[in-house]
Amino acid sequence: MHQAGDTTYSPAPEPLEAPYPPGSLDPARAALDTAAVAGRHPAYAKFGQELGNTSLIEVPGPRGGATVLAKCEWENPAGSIKDRVAHALLGSALQRHGARPLGELRVLEYSGGSLANALSRLCADLGVPARFVLSSASPRSLLDTLAGRGARVDLVDKERGFLEVVREALRIAAAEPGWTLLYQHRNPANVLLQERTTGAELIGQLGGRAPAAWVASIGTGGTLVGVLRALRARFPAVRAVGVTPAELPYGSEQPPNGRRKYAGSGGMGHGIRQPFVTLYDDETEQRTVSYPRAFAAMGEFHDLTGLRIGSSAAANWLAAGEVAAALPPSATVVTVFPDAGTPEEWERLGR
């Protein structure tokens with residue numbers, strides 16, 4: 001573990017701050033043939049077979065307000081919505097790698113936690129070396145898991161914020177081109193697979209019931225934007241609501257900070273906005289949730305339902321409830337529960 005050539009989408013990764021090219025989200029220009037990749041790699045195929053088709057459940061909402069439905073992404077094989085992202089990003093890398101020996105592929109990515117967990121499992125199953133750049137605030141349970149799977153980890157001081165985690169991965173990719181950077185914030189496979197799978201599943205589960213709003217934490221923007229694209233194709237009037245931490249909201253001009261934030265929130269600072277989301281800025285409402293409130297809501301939701309949800313899921317639940325409170329009982333708000341939380345979070349909650 002350390003302190004702090006090819007890529008899957010371009011020969012030279014653009015920095016997070018660079019404008020995102022809208023055409024890159026055109027499925028015809030950013031095709032991901034997961035079936036072809038699965039045909040060459042049985043371990044990749046097996047992971048994909050276990051992925052998705054997660055439950056959509058009704059969750060406690062405001063009295064007299066709209067119904068709130070949430071998609072339970074902890075049902076994925078490695079326990080989070082990032083399993084879908086891992087499958088997409090690694091599939092994109094394997095597709096570009098082609099018929100070359102698998103041993104020549106070495107995967108590099110940064111993560112807030114769940115993506116590293118999912119990618120490390122998939123890479124271990126395939127026998128692909130993996131390297132992750134993480135914050136020093138990463139939970140011990142994750143670091144132990146990554147070590148057990150043989151993954152290399154570079155830690156960045158948590159006080160420097162998540163933006164520096166991303167930048168460190170970019171520096172490594174530039175200095176050591178033998179590593180293939182997946183770059184979740186700019187790789188179109190992130191959005192397109194969410195559109196094809198999570199979004200398509202939601203539409204089927206809604207059964208024609210038109211949602212008034214889609215609520216999701218921004219993170220990379222992959223889930224928010226990918227699902228929105230699917231929903232808008234079927235329900236053009238659906239509102240988009242993005243959720244970020246009060247400690248560093250989306251697009252904040254504040255510098256990055258080491259304050260605790262709810263998981264996978266992806267606040268950047270310095271006015272930097274997540275590239276995928278910038279394409280939908282004029283169509284996305286912004287809400288914030290503080291870490292203490294999200295953390296407390298984990299326990300509240302557990303007391304109400306007996307289900308464990310992570311802090312990002314709790315933030316989504318709170319924001320979805322706010323939206324639902326201003327809508328009539330006949331309306332529906334849909335959101336996503338990315339995971340069930342970490343052992344460390346539940347230990348702090350005493351549950």
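**Close-up views of a predicted model**

**View 1. An open sheet is built from six strands.** In this predicted model, the six strands line up in the order β2-β3-β11-β8-β9-β10, with mixed pairing. Look for the edges at β2 (56-59) and β10 (284-289), each of which pairs on one side only. Ignoring direction, neighbouring strands of the sheet are turned by 30° against each other on average.

**View 2. Strand β2 meets its partner β3.** Here we zoom in on one edge of the sheet, where β2 is found. How many bridges join β2 to β3? There are four, and the two strands run antiparallel, with β3 covering residues 67-72. To follow one of these pairings by eye, start at Glu58, whose bridge partner in β3 is Leu69.

**View 3. Helix α7 packs on the sheet.** This helix spans residues 188-206 and touches β2, β3, β8 (213-217) and β11 (332-337). The direction of α7 makes about 135° with that of β3.

**View 4. Helices α2 and α4 pack together.** Helix α2 (residues 42-49) lies with its axis 8 Å from that of helix α4 (residues 114-126), at an angle of about 140°. The crossing of α2 past α4 is right-handed. Which residues meet here? Ala43, Tyr44 and Phe47 come from α2, while Arg121, Leu122, Asp125 and Leu126 come from α4. Five of the contact residues are nonpolar, two are charged and none is polar.

**View 5. Confidence varies along the chain.** The protein chain has an average pLDDT of 92, and 95% of the residues score at least 70. Over residues 2-11, however, the pLDDT is below 50, although this stretch has 36 contacts in the model beyond near neighbours in sequence. Where pLDDT is low, predicted coordinates should not be read in detail.

Terms used
Residues are numbered from 1 along each chain as its sequence is written. This is a predicted model: local features need pLDDT of at least 70, side-chain atom pairs count only at pLDDT 80 or more; totals for chains, interfaces and linings use all residues. Side-chain values use heavy atoms; hydrogens and water are left out. Two strands pair if DSSP finds at least two bridges between them. Axes are lines fitted to C-alpha atoms, for helices over the stretch in contact, and angles run from 0 to 180 degrees between N-to-C directions. Contact means heavy atoms within 4.5 Å. pLDDT is the predictor's confidence in each residue, from 0 to 100. A crossing is left-handed if the near helix is turned anticlockwise from the far one by less than a right angle, and right-handed if clockwise. Ala, Val, Leu, Ile, Met, Phe, Trp, Tyr, Cys and Pro count as nonpolar, Asp, Glu, Lys and Arg as charged, and the others, Gly among them, as polar.
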